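Trainee: Can you take me through this model? I'll ask as we go.

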Amino acid sequence: MKAAFRWMSNILTVLLLFIVASTFFLIYQSRMKPNKAASVMGYKPLTVLSGSMSPFLEPGDMIVVRELMPENIRVGDLITYRINEKTLVTHRVVEVIRKNGLLAFRTKGDANNTEDPDLVTPDSVAGSMVFKIPYAGYIGRFVRTPKGFIAMIVFPGLLLIAGEIKNILNELSKEENEKKKQNADAAQNGGQSEGNMKL
């Protein structure tokens with residue numbers, strides 16, 4: 001049971017460290033390049049803000065978008081593209097247009113009655129959606145605030161560190177007690193031997 005608990009604790013520690021490192025990296029990227037979506041190893045976490053893709057995507061959901069070659073985009077894919085310097089949109093591809101050596105995509109929100117008015121060009125594509133996490137966008141936005149960062153990252157991190165320090169101290173204490181017991185046993189056996197020799 002202890003081994004399983006230690007194994008789970010190690011996994012949680014590694015996971016938390018990865019989340020902390022990723023969060024720091026994303027915050028750094030968003031501040032250094034405010035007009036570009038932050039990414040970790042080519043994956044970009046984004047928060048859904050509108051209901052244009054409802055019911056598949058709802059406001060507050062988090063989507064993870066992967067960078068890919070525009071040539072690999074197919075009809076039915078959900079792509080995230082930039083319509084201006086500050087705005088990203090995630091809609092479904094309803095048509096792939098290849099004409100005179102040029103590539104473009106016609107898109108549409110699932111909840112919209114009409115297709116998007118402008119074609120999406122490859123240079124404006126940020127990536128294709130890999131998966132979604134319902135309502136996680138609210139958590140992601142909260143974590144980016146000072147209070148959220150302390151509550152969701154710093155505090156749990158300190159708890160894990162404190163737990164690991166306690167485990168280390170317990171192990172050291174066990175070793176010390178074991179050494180004391182061995183020394184006491186050795187002293188007792190040595191005394192008995194001396195007594196036997198005197199007899």
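Mentor: Start with N100, which sits in the loop between β4 (88-99) and β5 (102-108). Strands are DSSP E runs of at least two residues and helices are H or I runs of at least four, numbered from the N terminus.

Trainee: Where does the model come from?
Mentor: It is predicted, so local features need pLDDT of at least 70 and side-chain atom pairs count only at pLDDT 80 or more, while totals for chains, interfaces and linings use all residues. Residues are numbered from 1 along each chain as its sequence is written, and side-chain values use heavy atoms, with hydrogens and water left out.

Trainee: Back to N100. What is its phi near?
Mentor: Phi of N100 is near 55 degrees, which is positive although the residue is not glycine.

Trainee: Is N100 buried or exposed?
Mentor: N100 counts as exposed because its relative accessibility is 75%. Exposed is over 50% relative accessible area, buried is under 20%, and partly exposed lies in between, with a 1.4 Å probe and protein chains only.

Trainee: And how much of the chain counts as buried?
Mentor: 29% of the 199 residues.

Trainee: How many helices and strands does the chain have?
Mentor: There are 3 helices and 6 strands. Along the sequence the pattern reads α-β-β-β-β-β-β-α-α.

Trainee: How many residues of strand β2 are buried?
Mentor: In β2, residues 62-66, 4 of the 5 residues are buried, which makes the strand mostly covered.

Trainee: In which sense do β1 and β2 run?
Mentor: Strand β1 (residues 43-47) and β2 run antiparallel, joined by 5 bridges. Two strands pair if DSSP finds at least two bridges between them. K44, for one, has V65 in β2 as its bridge partner.

Trainee: How many bridges are there between β2 and β6?
Mentor: β2 and β6 (residues 125-133) pair over 5 bridges, in the antiparallel sense. M62 has I133 as its partner in β6, and R66 has S128.

Trainee: What about β3 and β6, how many bridges there?
Mentor: 3 bridges, and β3 and β6 run antiparallel. Y81 is bridged to V125 in β6.

Trainee: V125 again, then. How far apart are the C-alpha atoms of E67 and V125?
Mentor: They are separated by 8.6 Å, with their positions 58 residues apart along the chain. E67 lies in the loop between β2 and β3 (78-82).

Trainee: Why does E67 count as partly exposed?
Mentor: Because the relative accessibility of E67 is 42%.

Trainee: Change of topic. Which peptide bond is cis, with omega near 5 degrees?
Mentor: The one from S54 to P55. P55 is in the loop between β1 and β2.

Trainee: Which residues lie over the face of F56?
Mentor: R92 does, at 5.5 Å from the ring centre. K132 lies over the face of F56 as well, with 4.4 Å to the ring centre. The criterion is that NZ of Lys or CZ of Arg is within 6 Å of the ring centre and within 35 degrees of the ring normal.

Trainee: Let me say the β2 part back. β2 pairs with β6 over 5 bridges and is joined to β1 by 5 bridges, antiparallel each time.
Mentor: Correct, and 4 of the 5 residues of β2 are buried.
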